[in-house]
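Work through the exercises below with the sequence and the model side by side. Try each task before reading its solution.

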Amino acid sequence: SPNRVMMASSAASARWAARDLTPPRWHSSDPVRRHHRRRPPRRTNLLLRVTHASQAARLDDVAVVLCRPQGAQNVGAVARSMANFGLSDLRIVSPRQTVTEEWGDGKIVENYAVFATDVLDSTRFYEELREAVGDCGIVLGTGATSRKGLVALSPGAAADLMRQTLEENEEGGGGDEASSSSSSSKVALVLGNERFGLSTEEVRLCSHTINIQTDVPSKTKNKSTGDHSRSSLNLSHAAAIFFYEIFRSFKRSSGDLREVPEQSTKPAKAMPLRAKMELKDLLFRCRRSLDVGDAIAEHQLKDDEESLLSLVARNALSARDASVLFQIGKRVEALCGGSDGSALGGLLAAEMDVGNGVASSLKQVAPNLSLSKEELRWLEAELARRRGEESELA
């Protein structure tokens, strides 16, 4: 009944007043809706909070304003990206009914705002952009194209301008009461509707525009060409790029920017030199077991040993990697019977046709095997011996 609606609305306003918060205001075309239940604050590590206190305070001075958003998924994704990069001041101007209907516990907006419900809980709603950016010193509007009469900035340059403006505000904050009350300690990043972007009236409130370069040339970014659809990004995707650039600029200024990502894996356990030398000797024996014959040139033996020494001893070989090589070496020794030069040669000679030459027979038995001149001579001698044995038997 109407009386129940009035009583519920009064009770909700009283709860918001008790929390010293401004209740959400929806545009007149939507029915009055209750804001989703405010969750209790999460516990935060005190040391982490103290370490990043100054940086978080600076990022809190950046207001993210969504004008007339129509995708509930996009709003939730924007909130999540804000939380990823330390932003917390989300303001929404005249959200469409498709957003307001999905705002609340267990609904689309919250489902897409993974680990960012604190951003949603503190979101403020406005009917006009003028009200949403009233406390902001500079207002930067986003769009796929630049606007006539406004300076267009890249995301990186816009982030630096925001940071520099806030730094100047902090430096000049020690003046008299009149100057401090007239000065602004906030900057605003304004993102327009997913389909239509910012309106002409909204752009007039902006001091600069921000444009993300895409593969479409700037001159073709208009609605009269087929390339226009590829010149604009999804709202949440573009927002993530802006937030990342803002985060980088603030972190770089404070000296907290991590140029090299943290390594998520533990360093591999180093292999002691003694074990490396044992592995080198094992691999060298395996190499000799795979020789064809025993007449190997001295320089070949020396080159093989130096190569194995470089592979095993001079590289950062982990114990886990070495264990695989140890297993391979031991199995090769087991197959070859610990012999030098006879196992592989005997196998090849047994498979080769006595009546054909060594080269043609070798291509049939092992087409990808490359042998030295000494090994080929050994095979010729082995085949000649087998021919002699067969002739004696005949």
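**Exercise 1: a residue in a loop**

Locate R195 among the helices and strands, and decide whether R195 is buried or exposed.

Solution. R195 is found in the loop that runs between β6 (186–191) and α11 (200–203), where helices (H or I, at least four residues) and strands (E, at least two) are DSSP runs numbered from the N terminus. The relative accessibility of R195 is 66%, so R195 counts as exposed; here exposed means over 50% relative accessible area, buried under 20%, and partly exposed in between, with a 1.4 Å probe and protein chains only. Although R195 and L235 are 40 residues apart along the chain, their C-alpha atoms are separated by 9.2 Å.

Before going on, note that this is a predicted model, in which local features need pLDDT of at least 70 and side-chain atom pairs count only at pLDDT 80 or more, while totals for chains, interfaces and linings use all residues. Residues are numbered from 1 along each chain as its sequence is written, and side-chain values use heavy atoms, with hydrogens and water left out.

**Exercise 2: the faces of a helix**

Find which residues of α15 are buried, and explain why they line one face.

Solution. Begin with the helix itself: α15 (residues 319–336) has 18 residues and reaches 26 Å from its first C-alpha to its last, close to the expected 26 Å, the expected span being 1.5 Å times one less than the number of residues. Next, list its buried residues, which are A322, F326, G329, V332 and C336. Seen down the axis of α15, these buried residues fall within an arc of 130 degrees, so they line one face of the helix; the arc is that of the directions from the helix axis to the C-beta atoms. An α-helix has 3.6 residues a turn, so residues three or four places apart point the same way. Finally, turn to the other side of α15, where R320, R331, A334 and L335 are exposed.

**Exercise 3: the cysteines**

State how many disulfides a search of the whole structure finds, and decide whether C206 is buried or exposed.

Solution. The search finds 0 disulfides, a disulfide being a pair of cysteine sulfur atoms within 2.5 Å. For C206, the nearest cysteine sulfur belongs to C67 and is 7.9 Å away. C206 counts as buried because its relative accessibility is 8%, and C286, at 5% relative accessibility, also counts as buried.
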